[in-house]
Amino acid sequence: MEEKIPRRTFLKNGAMALGVVAVCDLSGIAGATTALRLARDPQRQVIVITRAPDPHESNSRYAQGGVIGRGLDDDADLLVKDILAAGAGASSPQAARILAEEGPALLQEILVETAHIQFDSLPDGEPEYGKEAAHSRRRILHVGDGTGQAIMAGLVEAMQRCPNITILTNTTAVDLITFPHHSRDPLATYRPVVCHGAYAFDRKQRTVHRFVAAATVLATGGLGRIYRNTTNPPGARGDGLAMAHRAGARIVNAEYVQFHPTALAAPGAEGFLISEAVRGEGGVLLTPDGRAFMSDYAPEWKDLAPRDIVARAIHSEMETHGYSYVLLDIASHMPADALQARFPNIYARCLEAGIDITREPIPVVPAAHYFCGGVLVDEWGCSNIQNLYAVGEISCTGLHGANRLASTSLLEGLVWGDRAARHIEAALRSAPRAVLPGREEIPAWDESGLVADADSALIQGDMQTIQNIMWHYVGLARNAERLSRAIRELRHLWNEIETFYRTTRLSDGLIGLRNAVEVSMIIAQAALHNRQSRGCHYREDSASSVEGERLI
Ligand SMILES: Cc1cc2nc3c(=O)[nH]c(=O)nc-3n(C[C@H](O)[C@H](O)[C@H](O)COP(=O)(O)OP(=O)(O)OC[C@H]3O[C@@H](n4cnc5c(N)ncnc54)[C@H](O)[C@@H]3O)c2cc1C
């Protein structure tokens with residue numbers, strides 16, 4: 001593979017108009033969709049880079065609820081209406097329309113026909129549509145409560161069947177290659193910023209490769225890991241967002257981080273999602289000493305209040321009383337056998353963590369769940385940098401506005417993954433002789449003189465500091481004082497980490513730490529700047545708020 005990479009990613013004469021670096025997503029739904037569409041042309045070489053050793057590892061893999069289909073009494077207009085209502089006035093009607101109109105056909109084409117995913121169906125063969133909060137219709141397709149796992153298994157297999165898709169695992173993208181920044185030509189300064197690929201770190205060989213391509217697609221997912229409590233897996237630390245930011249891409253809506261009210265709080269199983277359906281089936285939130293508290297915050301809705309209200313109520317109880325978790329009691333409200341049948345994965349995962357949910361309450365905390373902002377892209381996934389695309393959770397198409405409607409993100413990955421590929425195909429067709437810069441024009445990664453390995457205690461310590469700052473000061477309830485404090489502390493940390501980064505040999509952890517502090521700053525600054533509460537951005541020091549229909 002080592003020998004193959006430079007040959008595939010650099011044509012010596014600089015005429016590689018067909019190569020595409022999909023940074024970085026074998027595993028996620030968005031990058032996989034782009035790769036599969038582009039690979040239909042056997043002449044085209046598609047390189048997919050992912051940092052994880054396991055190609056399935058991604059946020060997509062952990063999706064529980066499912067993906068939006070078109071229900072029986074459903075249509076595109078109804079879905080658009082639901083998306084716009086959830087987005088609290090900040091969702092793009094155009095993006096919602098694209099998703100609603102193109103989604104169902106793509107789901108059939110990519111997930112069912114290409115990736116061979118079998119969604120749950122009724123005995124008569126009709127799809128079994130699920131209902132989720134803030135959806136006006138039953139329209140969620142699922143595979144038990146492990147939809148993401150099934151989707152990723154199918155997509156990975158489909159990509160492995162394509163001879164012109166090269167999947168590089170254990171490879172962490174470090175930075176985008178952009179001109180004029182990386183150009184040796186002083187005149188490049190006067191031309192538009194253009195992306196020519198990415199530098200990526202081979203974690204096994206500990207070297208950095210230059211990947212040069214006609215188009216680069218960022219599909220690196222979310223950033224939940226910059227928070228102390230999150231439902232996201234370790235790879236979700238905002239790498240792509242930080243890379244895009246350093247390259248000069250426009251980042252928008254960064255203050256809109258969605259928190260889920262109930263993630264498991266048990267040693268070894270932190271962040272495992274406890275579905276809202278548990279409260280739907282009668283589960284009640286209690287303080288650790290057994291007091292039901294939701295009626296104090298939402299007398300009408302109680303435990304079935306909208307997601308942001310429940311998350312903030314839990315947060316407030318924890319902060320006021322110093323609890324490290326609250327409890328979710330379903331055992332007293334549902335017979336044991338029904339509970340096991342309805343929530344088999346939750347039952348099994350909690351049991352592994354030593355909690356028998358048929359007999360005792362579940363310790364839960366709110367957790368960072370989804371990033372609604374991102375790299376601003378148009379309806380084709382194009383960023384403001386030439387040849388740079390962003391798809392999936394890292395991007396901001398405008399669809400989610402200030403608050404994501406449940407189960408829209410997998411579908412957004414499919415729709416914009418496909419659209420970006422179509423745009424790339426058209427661009428390659430219109431400029432078949434496009435000349436890429438040659439090897440000599442792009443500086444090799446230079447680590448000469450760096451001998452010290454990154455101290456893992458520093459990486460871990462700094463990461464935990466970032467996670468604590470973000471959790472306490474840029475979390476569910478924000479105010480100017482907390483946010484200003486966060487920015488001061490993050491700025492200091494940023495300086496330290498940047499020095500650390502420049503004087504230490506590269507590692508995946510160091511790359512992630514540098515990116516984590518950068519995206520944390522972006523979010524904190526956006527949150528300070530926006531004084532109006534809207535959707536999942538809640539400013540307790542502001543009289544001005546936009547309620548919207550906060551029901552996801
Ligand atoms: C627990 C959970 C449940 C969810 N349930 C649902 C649901 O039911 N329905 C729904 O629609 N959405 C759900 N979501 C949200 C949804 O899963 C994600 O928004 C979506 O999967 C994101 O897809 P993606 O392709 O953009 O990114 P991802 O699937 O996260 O893929 C990104 C990939 O990029 C890799 N990567 C990151 N940085 C680098 C780097 N520097 N170099 C190389 N590779 C890198 C990552 O390792 C990963 O493989 C859920 C999310 C979570 C966490």
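**Exercise 1. Helix α6**

Which residues in α6 are buried? Decide from the answer how far the helix is enclosed in this predicted model.

*Solution.* Begin with the residues themselves: in α6, the buried positions are Asp 239, Gly 240, Leu 241, Ala 242, Met 243, Ala 244 and Ala 247. Next, set this list against the extent of the helix, which covers residues 239-247; seven of its nine residues are buried, so α6 is largely enclosed by the rest of the structure. Finally, look at what follows the helix, where Gly 248, just after α6, takes a positive phi of about 100 degrees.

**Exercise 2. The loop after α6**

Determine where Arg 250 is placed, and identify the residues that it touches beyond its sequence neighbours.

*Solution.* The first step is to locate Arg 250, which belongs to the loop between α6 and β10 (251-252). The second step is to list its contacts: when residues up to four places away in sequence are not counted, Arg 250 touches Gly 374, Val 375, Leu 376 and Asn 384. The third step is to take one of these partners, Leu 376, and compare sequence with space: Arg 250 and Leu 376 are 126 residues apart along the chain, yet their C-alpha atoms are separated by 5.7 Å.

**Exercise 3. Cysteines and disulfides**

Explain why Cys 382 and Cys 195 are not bonded to each other through their sulfur atoms.

*Solution.* Recall that a disulfide is a covalent bond between the sulfur atoms of two cysteines. For a pair to count, the two sulfur atoms must lie within 2.5 Å. The closest cysteine sulfur to that of Cys 382 is in Cys 195, at 12 Å, which is too far for a bond. A search of the whole structure likewise finds zero disulfides. As for their surroundings, Cys 195 counts as buried at 0% relative accessibility, and Cys 382 is also buried, with a relative accessible area of 15%.

**Exercise 4. Backbone exceptions**

Describe the backbone at Pro 180, Lys 302 and Asn 387, and place each residue in the chain.

*Solution.* The point of reference is that most residues other than glycine have a negative phi, and most peptide bonds are trans. Take the peptide bond first: Phe 179 and Pro 180 are joined by a cis bond with omega about 15 degrees, and Pro 180 is found in the loop between β6 (171-179) and β7 (194-202). Turning to phi, Lys 302 has a positive value near 50 degrees; this residue lies in the loop between α8 (294-297) and α9 (307-321) and is partly exposed, with a relative accessible area of 40%. Asn 387 has a positive phi near 70 degrees, lies in the loop between β15 (374-376) and β16 (388-390), and counts as partly exposed at 26% relative accessibility.

**Exercise 5. The chain as a whole**

Assess whether the radius of gyration of the chain agrees or disagrees with that of a compact globule, and then describe its contacts and its surface.

*Solution.* For 552 residues, a compact globule would have a radius of gyration near 24 Å, and the 23 Å of the chain agrees with this. The chain contains 15 helices and 19 strands, and 59% of its residues count as buried. Among contacts between residues at least 6 apart in sequence, 76% join residues at least 24 apart. The accessible surface comes to about 21900 Å², and carbon and sulfur atoms account for 50% of it. Lastly, there are 54 positive and 65 negative side chains, and the centres of these two sets lie 5 Å apart.

Conventions
Residues are numbered from 1 along each chain as its sequence is written. This is a predicted model: local features need pLDDT of at least 70, side-chain atom pairs count only at pLDDT 80 or more; totals for chains, interfaces and linings use all residues. Side-chain values use heavy atoms; hydrogens and water are left out. Buried means under 20% relative accessible area, exposed over 50%, partly exposed in between (1.4 Å probe, protein chains only). Helices (H or I, at least four residues) and strands (E, at least two) are DSSP runs, numbered from the N terminus. Contact means heavy atoms within 4.5 Å. The radius of gyration is taken over C-alpha atoms; the globule rule is 2.2 Å times the number of residues to the power 0.38. Accessible areas come from the Shrake-Rupley method with a 1.4 Å probe; for residues, only the protein chains shown count as cover. Lys and Arg count as positive and Asp and Glu as negative; His and the chain ends are not counted. The place of a charge is taken as NZ of Lys, CZ of Arg, CG of Asp or CD of Glu.
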